[in-house]
Amino acid sequence: MNTFHLLSRPGVTTVKAAGGLNAFTAWDRLILTDSGGFQVFSLIQEKPKFGTIRKNEILFYPEGKKSILTPERSVSKGSLALGQM
(Lines give C-alpha, C1' and ligand atoms only; values in the text may rest on other atoms or scores of the structure.)
Protein backbone atom coordinates (compact mmCIF):
# COMPACT_ATOMS: atom_id res chain seq x y z
CA MET A 1 0.00 0.00 0.00
CA ASN A 2 1.18 3.49 -0.76
CA THR A 3 1.55 5.50 2.46
CA PHE A 4 1.43 8.86 0.71
CA HIS A 5 -1.92 8.04 -0.87
CA LEU A 6 -3.30 6.72 2.42
CA LEU A 7 -2.20 9.90 4.24
CA SER A 8 -3.74 12.09 1.53
CA ARG A 9 -6.99 10.16 1.25
CA PRO A 10 -8.60 8.67 3.27
CA GLY A 11 -6.19 9.85 6.01
CA VAL A 12 -4.98 8.31 9.26
CA THR A 13 -8.08 9.40 11.20
CA THR A 14 -10.42 7.59 8.81
CA VAL A 15 -8.31 4.43 8.79
CA LYS A 16 -8.12 4.42 12.60
CA ALA A 17 -11.88 4.98 12.88
CA ALA A 18 -12.43 1.94 10.67
CA GLY A 19 -10.41 -0.18 13.11
CA GLY A 20 -7.04 -0.05 11.41
CA LEU A 21 -5.66 -0.73 7.97
CA ASN A 22 -6.59 -4.41 8.00
CA ALA A 23 -10.20 -3.66 8.93
CA PHE A 24 -10.35 -0.74 6.50
CA THR A 25 -9.26 -3.00 3.62
CA ALA A 26 -11.00 -6.15 4.91
CA TRP A 27 -7.66 -7.96 4.62
CA ASP A 28 -6.64 -10.23 7.52
CA ARG A 29 -3.03 -10.82 6.46
CA LEU A 30 0.15 -8.77 6.64
CA ILE A 31 0.17 -5.48 4.76
CA LEU A 32 3.35 -3.84 3.45
CA THR A 33 3.48 -0.12 2.85
CA ASP A 34 5.91 2.07 0.98
CA SER A 35 6.45 5.79 1.36
CA GLY A 36 5.04 6.85 -1.99
CA GLY A 37 8.15 8.96 -2.48
CA PHE A 38 9.06 7.39 -5.82
CA GLN A 39 5.61 8.13 -7.27
CA VAL A 40 5.74 11.73 -6.07
CA PHE A 41 9.33 12.11 -7.32
CA SER A 42 8.38 10.75 -10.76
CA LEU A 43 5.33 12.99 -11.02
CA ILE A 44 7.34 16.11 -10.16
CA GLN A 45 10.01 15.13 -12.68
CA GLU A 46 7.30 14.96 -15.36
CA LYS A 47 5.29 17.98 -14.16
CA PRO A 48 7.40 20.40 -12.08
CA LYS A 49 4.31 22.49 -11.24
CA PHE A 50 3.34 19.75 -8.75
CA GLY A 51 6.27 20.28 -6.41
CA THR A 52 9.87 20.86 -5.50
CA ILE A 53 12.49 18.22 -4.77
CA ARG A 54 15.01 19.17 -2.09
CA LYS A 55 17.88 17.26 -0.50
CA ASN A 56 15.89 15.75 2.40
CA GLU A 57 12.28 16.48 1.51
CA ILE A 58 9.77 16.81 -1.26
CA LEU A 59 7.30 19.69 -1.29
CA PHE A 60 4.26 18.40 -3.11
CA TYR A 61 1.24 20.53 -3.95
CA PRO A 62 -1.39 18.79 -5.98
CA GLU A 63 -4.85 20.35 -6.00
CA GLY A 64 -3.42 23.47 -4.33
CA LYS A 65 -2.72 21.65 -1.04
CA LYS A 66 0.90 21.62 0.15
CA SER A 67 2.32 18.39 1.57
CA ILE A 68 5.85 17.86 2.85
CA LEU A 69 7.21 14.36 2.39
CA THR A 70 10.37 13.41 4.30
CA PRO A 71 11.68 9.97 5.22
CA GLU A 72 10.92 10.59 8.91
CA ARG A 73 7.43 11.93 8.26
CA SER A 74 6.59 9.07 5.95
CA VAL A 75 7.59 6.51 8.59
CA SER A 76 6.36 8.21 11.79
CA LYS A 77 3.16 9.82 10.53
CA GLY A 78 2.57 7.31 7.78
CA SER A 79 3.56 3.69 8.01
CA LEU A 80 3.81 3.53 11.80
CA ALA A 81 0.61 5.50 12.41
CA LEU A 82 -1.30 3.34 9.97
CA GLY A 83 0.14 0.16 11.47
CA GLN A 84 -0.43 0.98 15.13
CA MET A 85 -4.16 0.49 15.45
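## Pockets and cores: two exercises

About 200 Å³ of space lies in the second largest pocket, a pocket being an open set of points on a 1 Å grid over the protein atoms alone where a 1.4 Å probe fits, with protein on both sides within 12 Å along at least five of seven lines. This is a predicted model, where local features need pLDDT of at least 70, side-chain atom pairs count only at pLDDT 80 or more, and totals for chains, interfaces and linings use all residues. Residues are numbered from 1 along each chain as its sequence is written, and side-chain values use heavy atoms, leaving out hydrogens and water.

**Exercise 1.** Find out what lines the second largest pocket.

*Solution.*
- Start at the centre: of the 10 lining residues (an atom within 4 Å of a point), the closest are Phe-4, Leu-7, Ser-67, Ile-68 and Arg-73.
- Next, look at the elements: H1, strand S3 (67–69) and helix H5 (71–83) give two or more residues each. Helices (H or I, at least four residues) and strands (E, at least two) are DSSP runs.
- Finally, sort the lining: 4 nonpolar, 2 polar and 4 charged.

**Exercise 2.** Name the residues of the largest nonpolar core, then trace the contacts of Val-40.

*Solution.*
- A nonpolar core joins buried residues (under 20% relative accessible area, 1.4 Å probe) through side-chain atoms within 4.5 Å.
- Here you get 7: Phe-4, Val-40, Ile-44, Phe-50, Ile-58, Phe-60 and Leu-69.
- H4 and strand S2 (58–60) each give two or more of them.
- Skip neighbours within four places in sequence, and Val-40 is in contact (heavy atoms within 4.5 Å) with Phe-4, Ile-58, Phe-60 and Leu-69.

Key. Points joined across faces, edges and corners; volume = space filled by probe spheres on them. Nonpolar A, V, L, I, M, F, W, Y, C, P; charged D, E, K, R; others polar. Buried < 20%, exposed > 50% of the residue type's maximum accessible area, 1.4 Å probe, protein only.
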